[in-house]
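Please find below some notes on this model, set out as numbered points. They go from single positions and surface features to annotated spans and the chain as a whole.

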Amino acid sequence: EDEEENLGLEAWERSYADDRSWEALQEDESGFLRPIDNSAIYHAQYRRRLRATARIQKGLIRYLYIVIDLSRAAAEMDFRPSRMVVVAKQVEAFVREFFDQNPLSQIGLVTVKDGVANCLTDLGGSPESHIKALMGKLGCSGDSSIQNALDLVHGLLNQIPSYGHREVLILYSALSTCDPGDIMETIQKCKESKIRCSVIGLSAEMFICKHLCQETGGTYSVALDESHFKELILEHAPPPPAIAEFAIASLIKMGFPQRAGEGSISICSCHKEVKIGVGYTCPRCKARVCELPTECCICGLQLVSSPHLARSYHHLFPIAPFDEATPSLNDLHNISRSTCFGCQQSLLASGNKAGLCVACPKCKKHFCLECDIYIHESLHNCPGCESLR
Amino acid sequence: MASAPSKLYSDDVSLVVVLLDTNPFFWSSSSLSFSQFLTHVLAFLNAILTLNQLNQVVVIATGYNSCDYVYDSSSTGNQSVGNGRMPSLCATLLQNLEEFMNKDEQLGKQEPEGRIACSLLSGSLSMALCYIQRVFRSGLLHPQPRILCLQGSPDGPEQYVAIMNAIFSAQRSM
């Protein structure tokens, strides 16, 4: 419909038709209008996120069940086009981000429809199989039941090894729960099994969700709109703090399979098909598997490759947050203090005044705000510290 | 943090970040001399800049005690340095490289025992990735970036975690 409305306008008018450019302005201290400086806002958000992740022990081998509420409340259209479509899209992004940050962990999907909880996919390490299964089953109807979901997940999570961290993430659209029994008992059972339950609500805050999260040590949040929901769900991708009783160091047996030789023919144990050349061989039982990381179907050994372990190192060896610094007037004449060490961007604001920048507490090099965000969220190396012997 | 799906130029425009290994302990025992190596590198850089007017080249030196930028084809201060016998690319790069290597030598004099010591590849790789992120931020139209490491020194085990982190970050930015 938008295109039809725009046809009555001139070409130059069309480019402004959807553009609320007055919203991108704000007044500065002398009353002049300036465009909104987004970089300072992103940086402030990033600093808040950084403070939240203090230096505490985290669980790296996670077994997470995502419970998706497919009751009739999920067909509400306050999230465009409907809550369930938004949830499915964000779960897909979350699953990919989760496996990127936690390659040794596994996810399973559970749906709640007509008051009954069903296991959509079993615990597994491959993002594609979960996403494919989710996209196929998106019909909503009936009531939602937290107790049934928790009972199902509790039974499934009891089978995992003791070194794994058990988690549930419930994406709840409904405002009620229809339970067959006493949900407080179920919550107690989950607490005793050390399952960490978190909830993200899409409608309003509910007492029972808040109570569940408080008892089990999870987090409860309610999304205001789609971008807020995306932010909330991605907060669950990095590993959460480990529960104290769980955090005993134990030795875990893992296998590092070799790539199968070129032209070698065998039947793979995951698809039961003949494969030529591709795949890996389990070091203990010599069974063929197609992709890593996975659990060997024959002998149950965890199979990983060393880059998968290397992806988790930044959780174990995090870099210190940078301190905010404003270069003094003397520093500005020193070329090394007036450009960002990482990207060589000038740190001077307009008019040769000192702009906002940060400095590494160890190597004392200065960086711009955007490099600060990139270094702490993606790169996990300080270029200044790495450039010193 | 994935790069935004921004438009690239329609032609084959590239930004090449070259990481030059300047470890003196390696070059003193190599069969190829450092000056011969530099001749080939300068010819290569000239070729890239000639292929397309919009191509950019950045050179970062990977030293033994430090790393630093030695050449950026998009910075405007390059035109003045030309002594009539060499194009300004070569003159600027060689001058900056010489300054860098003098500073690098001053920073530490101890010689490694036994085998050849490694150079600081993780530092220059991290700087190259920060520069490329800045290019992604610069707007909708940007050249296709890539990193070329010219490395002769052996790997240092203490740099394993940093180099793996840089590799994963580069994978995510693709």
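1. A strand, as the word is used here, is a DSSP run of E of at least two residues, and strands are numbered from the N terminus. With that in mind, Val274(A) is placed in strand S12 of chain A. The model is a predicted one, and the points that follow should be read accordingly.

2. Is Val274(A) buried or exposed? Since exposed means over 50% relative accessible area, the value of 54% puts Val274(A) in the exposed class.

3. Val274(A) also takes part in a nonpolar surface patch of about 430 Å², which it makes together with Ile265(A), Ile267(A) and Ile276(A). Two elements of chain A, strand S11 (265-267) and strand S12 (274-276), each give two or more residues to this nonpolar patch.

4. Ser105(A) offers a contrasting case, and the loop that holds Ser105(A) runs between helix H4 (83-101) and strand S4 (106-113) of chain A. Buried means under 20% relative accessible area, so Ser105(A), at 1%, counts as buried.

5. What does the side chain of Ser105(A) reach at 3.1 Å? The partner is the backbone oxygen of Leu60(A). Leu60(A) appears again when contacts are listed without the neighbours of Ser105(A) within four places in sequence, and the list then also holds Ile61(A), Arg62(A), Phe98(A), Phe99(A) and Gly125(A).

6. Two annotated spans deserve a comment, and both annotations come from an unreviewed UniProt entry. In that record, "zinc finger region: C4-type" is assigned to residues 282-299 of chain A. In the model this span is 0% helix and 22% strand, and its end C-alpha atoms lie 9 Å apart.

7. The record further assigns "domain: C2H2-type" to residues 360-380 of chain A. Here the chain is 52% helix and 10% strand, with the end C-alpha atoms 13 Å apart.

8. For the chain as a whole, the model gives chain A 15 helices and 19 strands, and 44% of its 389 residues count as buried. When contacts in chain A are restricted to residues at least 6 apart in sequence, 62% of them join residues at least 24 apart. The accessible surface of chain A comes to about 20600 Å², and carbon and sulfur atoms account for 53% of that surface.

Key:
Residues numbered from 1 in each chain as written. Chains lettered and ligands numbered in written order. Predicted model: local features only at pLDDT ≥ 70, side-chain atom pairs only at ≥ 80, totals over all residues. Heavy atoms only, no water. Helix = DSSP H or I, 4+ residues; strand = E, 2+ residues; numbered from the N terminus. Buried < 20%, exposed > 50% of the residue type's maximum accessible area, 1.4 Å probe, protein only. Polar contact = N/O pair within 3.5 Å; in protein donor to acceptor, adjacent residues only side chain to side chain. Contact = heavy atoms within 4.5 Å. UniProt positions renumbered as here; feature names shortened; annotations may be inferred. Patch = residues over 30% accessible without salt bridge, like charges linked within 9 Å, V, L, I, M, F, W, Y side chains within 5 Å. Areas by Shrake-Rupley, 256 points an atom, 1.4 Å probe, with all protein chains shown as cover. Salt bridge = Lys/Arg side-chain N within 4 Å of Asp/Glu carboxyl O.
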